[in-house]
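Good morning, and thank you for coming. Please take a moment to look over the structure on the screen before I describe its parts.

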Amino acid sequence: MEMRTILVVEDEREIARMVQAYLLREGYQVEVAFDGESGWVKFQTLRPDLVILDLMLPRMNGLELAQRIRRESTVPIVMLTARSEEADRVAGLEMGADDYVVKPFSLRELAARVRAVLRRVEGVVASEMIRAGPLVLDLAAREAYFSEKPLDLTPTEFDLLAILARHPGRVFTRRELLQALRDRTYATIPRTVDSHIKNLRRKIEPDPDNPVYIITVHGVGYKFNPGKGG
Ligand code: CA
């Protein structure tokens with residue numbers, strides 16, 4: 001497999017160097033920038049596969065840099081934030097960051113996030129299809145079909161359906177579903193899942209009041225039942 005390049009933008013040099021050393025050992029090529037301006041320059045010349053971005057940076061802060069990167073690239077961004085920067089973290093996710101790690105973090109945790117984000121991005125690029133009974137989801141094109149008819153789904157509905165349909169018959173708790181949707185929604189109340197499910201049922205169930213595909217497991221959560229054909 002081709003070597004992945006990661007750009008680390010972090011003004012605390014010791015942290016930057018530690019992250020660099022750790023990720024080098026994990027088999028990545030790693031470049032470091034110590035402020036926002038040089039981060040931007042290095043981003044443009046390197047075209048990295050992933051950016052690790054500290055929020056509080058001299059000469060252009062992390063949010064501004066994330067925004068600038070997003071204007072021209074879908075490269076995954078993992079933010080580093082302090083515990084006290086909750087509002088910034090939300091802003092960062094809205095600005096298009098894919099994940100974040102709260103300082104102080106373990107290098108192992110950061111590396112795991114990096115791996116997961118890369119896997120997710122590359123999985124999507126690989127034109128993955130999910131087929132479960134009458135349902136077909138094209139993850140690359142983000143198109144959904146039910147009995148060959150295109151479905152008009154919101155991004156959250158699409159992701160929710162993809163999670164359920166990828167593991168037909170497996171019961172997911174509301175909390176798990178919410179966790180899996182973390183990139184999409186800042187909702188923390190498990191019941192918000194219910195309203196998305198309700199909307200999904202209206203779009204795929206022959207009789208939304210008596211669902212046969214998206215099944216409620218009382219007291220637990222939901223599962224996808226592909227039906228006889230699946
Ligand atoms: Ca900093």
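I begin with two helices, α6, residues 155-166, and α8, residues 192-204, whose axes are 10 Å apart and which pack at an angle of about 85°. Please keep in mind throughout that this is a predicted model. Two packed helices are described by exactly these two quantities, the angle between the axes and the distance between them. Angles of 65 to 115 degrees count as roughly perpendicular, and α6 and α8 are therefore roughly perpendicular to each other.

Which residues meet where these helices pack? From α6 the contributors are T156, E157, L160, L161 and L164. On the α8 side they meet V193, H196, I197, N199, L200, K203 and I204.

Next, the division of the chain. The domain assignment gives domain 1, covering 5-122, and domain 2, covering 129-224. Between the C-alpha centres of domain 1 and domain 2 the distance is 31 Å.

I turn now to the sheet. Five strands form an open sheet in the order β2-β1-β3-β4-β5, and the pairing is parallel. At the edges are β2, residues 29-33, and β5, residues 99-103, each of which pairs on one side only. On average, neighbouring strands of this sheet are turned by 20° against each other, with direction ignored. As a reminder, strands of a sheet pair through backbone hydrogen bonds, either parallel or antiparallel.

Within the sheet, I would point out two pairings. Strand β1, residues 5-9, runs parallel to strand β3, residues 50-54, and four bridges link them; L7 has V51 in β3 as its bridge partner. Strands β4 and β5 are also paired in the parallel sense, over five bridges, and A82 has K103 in β5 as its bridge partner.

How is the edge strand β5 placed, buried or exposed? It is mostly covered, with five of its five residues buried. In a regular strand the side chains alternate between the two faces of the sheet. In β5, both faces are covered: D99, V101 and K103 are buried on one side, and Y100 and V102 are buried on the other.

Finally, the helix that belongs with these strands. Helix α4, residues 86-94, lies across β4, residues 77-82, and β5, and runs at about 170° to β4. An angle over 145 degrees counts as roughly antiparallel. Together, β4, α4 and β5 make a right-handed β-α-β unit.

Definitions and conventions. Residues numbered from 1 in each chain as written. Predicted model: local features only at pLDDT ≥ 70, side-chain atom pairs only at ≥ 80, totals over all residues. Heavy atoms only, no water. Pairing = 2+ DSSP bridges. Axes fitted to C-alpha atoms, helices over the stretch in contact; angles between N-to-C directions. Contact = heavy atoms within 4.5 Å. Buried < 20%, exposed > 50% of the residue type's maximum accessible area, 1.4 Å probe, protein only. Right-handed = clockwise from strand over helix to strand, strands pointing away. Domains from an automatic or database assignment. Parallel < 35°, antiparallel > 145°, perpendicular 65-115°, else oblique.
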